[in-house]
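Biologist: I am new to this structure. Could you walk me through how to read it?

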Protein chains: 2
Amino acid sequence: MPSDQTRTAILAAAERLYADRGFGDVTLRDIVAEANVNLAAVNYHFGSKDELIAELFVTRSIQLNRERLRLLQAAEEAGGERASIDAILRALVGPTLRGCLGPENQRSTAARFMIRVSIESVPPIRRIRNREIDHLRKFIAAMRRSLPGHSDVELYWGLHFALAMAQQTVRDSERLTKLSEGKCDVDDVEGIIERVVSVAAMALTTGDAASKAPARMLARDAR
Amino acid sequence: MPSDQTRTAILAAAERLYADRGFGDVTLRDIVAEANVNLAAVNYHFGSKDELIAELFVTRSIQLNRERLRLLQAAEEAGGERASIDAILRALVGPTLRGCLGPENQRSTAARFMIRVSIESVPPIRRIRNREIDHLRKFIAAMRRSLPGHSDVELYWGLHFALAMAQQTVRDSERLTKLSEGKCDVDDVEGIIERVVSVAAMALTTGDAASKAPARMLARDAR
DNA sequence: GATAGTTTCATACAAATGTTTGAAATGCCT
DNA sequence: AGGCATTTCAAACATTTGTATGAAACTATC
């Protein structure tokens, strides 16, 4: 049975360095120096640099998805197979925001790594990302149960916008802070979650789903 | 007076290649081959690879910002110094979405380049991005005039979310298409603009601004 | 305690990349 | 045409990068 010591050290060092400095300018040599292992160890244990990155991302993605599904399941059980749309959206965006926002000095390495992922999006990660769709479908299914009568298209857009707001807040919290001169408190994680959930839920539940967009189109002004 | 021919050819070739293949795997040699100029021409005319990228991005950003401000100004003039919040948001997200969505084969190179920018975000571009804040402040000012009585914090969040939805739609339209199995028509650009504007405006105008978030916090369920 | 399989190590390799150089070519003004 | 500045060019440079190699060290099993 392999001791796994070297492997683990590489993973930890790589995640930390990628989180701090981005994928662009962290080399295998940086990683092995940080991990105090030999250069060849990376290729021995992972095959290639890309597979190392992929393994890091897959591990964290699985954790994130598991946490999301745990919250979703809890919400559905509490509501008797039919969770409120708010609870569903909270299960979707909560884990990401809770992990990636909040006081900088207390964010985990894992969280900072995932922030990097959302900012830089390097090829080996993009390839894996496409498998996320099956996971999202489970949330669509829950939303369908929660909001019967809504067209699927509306549900897709609602989920898309919810993720958009969460992702962009993670990615660009710094810009929001600067723009608002600190008036938007990006450390108030729970407040932000409620904000995102509130807007997304409003988008999903307000107005007649089918006629909303066309009606607005008539009202648009010049050009 | 320099003929500018080489310079222009480099810019055009670089933009096309970056748009098609991303910043990661386009080298100076690829660019000069595409432009039919000598390798040293890039450093002669631009100083470095990063400055070439920066110039491309600055040019397109200026165009985008100009277009946004043009629409904003038109909306304010039409409404007598006070544009509707919808019109303001449309001026903000319209140009980006109009440029970067729609049938793939008819997107301009410039648009596809800006999509790349929003996906990959390479260092020389990140540095420039921070200057965008002054530009966004003009929209905050217009929103303040349009919605007097709203707290600035709400305006910042509204603008942030509007940009988030637009950006993510540009960045990830492919995933949305796959997730919805084509049911979300990402080629209906004007429809998407109205959708984004509608949700963002709703977020800004619904409920009492100050008490909205706290009220929702009380209603949140377990964990 | 010998042996087979696993892991570590120093080093080399090969390829790619941005940048520099100095000479040749070109264009421009008097 | 001559002389000066700008531009182009081929070639070389200096790194940096991920990966491969083969021997040494280690571990566990019989």
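Modeller: We will take the symmetry, the cysteines and then one helix. This is a predicted model, where local features need pLDDT of at least 70, side-chain atom pairs count only at pLDDT 80 or more, and totals for chains, interfaces and linings use all residues. Residues are numbered from 1 along each chain as its sequence is written, chains are lettered from A and ligands numbered from 1 in the order in which they are written, and side-chain values use heavy atoms, leaving out hydrogens and water.

Biologist: By what turn and shift can chain B be laid on chain A?

Modeller: Copies are superposed by least squares on C-alpha atoms of residues with pLDDT of at least 70 in both. Here a turn of 180 degrees and a shift of 0.0 Å along the axis lay chain B on chain A with an RMSD of 0.0 Å. That is the relation of a two-fold axis. Since 98% of the interface residues of chain B are also interface residues in chain A, the copies meet through the same surface (contact means heavy atoms within 4.5 Å).

Biologist: How many disulfides are there over all chains?

Modeller: A disulfide is a covalent bond between the sulfur atoms of two cysteines. With the rule of cysteine sulfur atoms within 2.5 Å, the count over all chains is zero. The sulfur of A:Cys100 has its closest cysteine sulfur in A:Cys184, 19 Å away and too far for a bond.

Biologist: Is A:Cys184 buried or exposed?

Modeller: Buried means under 20% relative accessible area, exposed over 50%, and partly exposed in between, with a 1.4 Å probe and protein chains only. A:Cys184 is buried at 1%, and A:Cys100 is buried at 6%.
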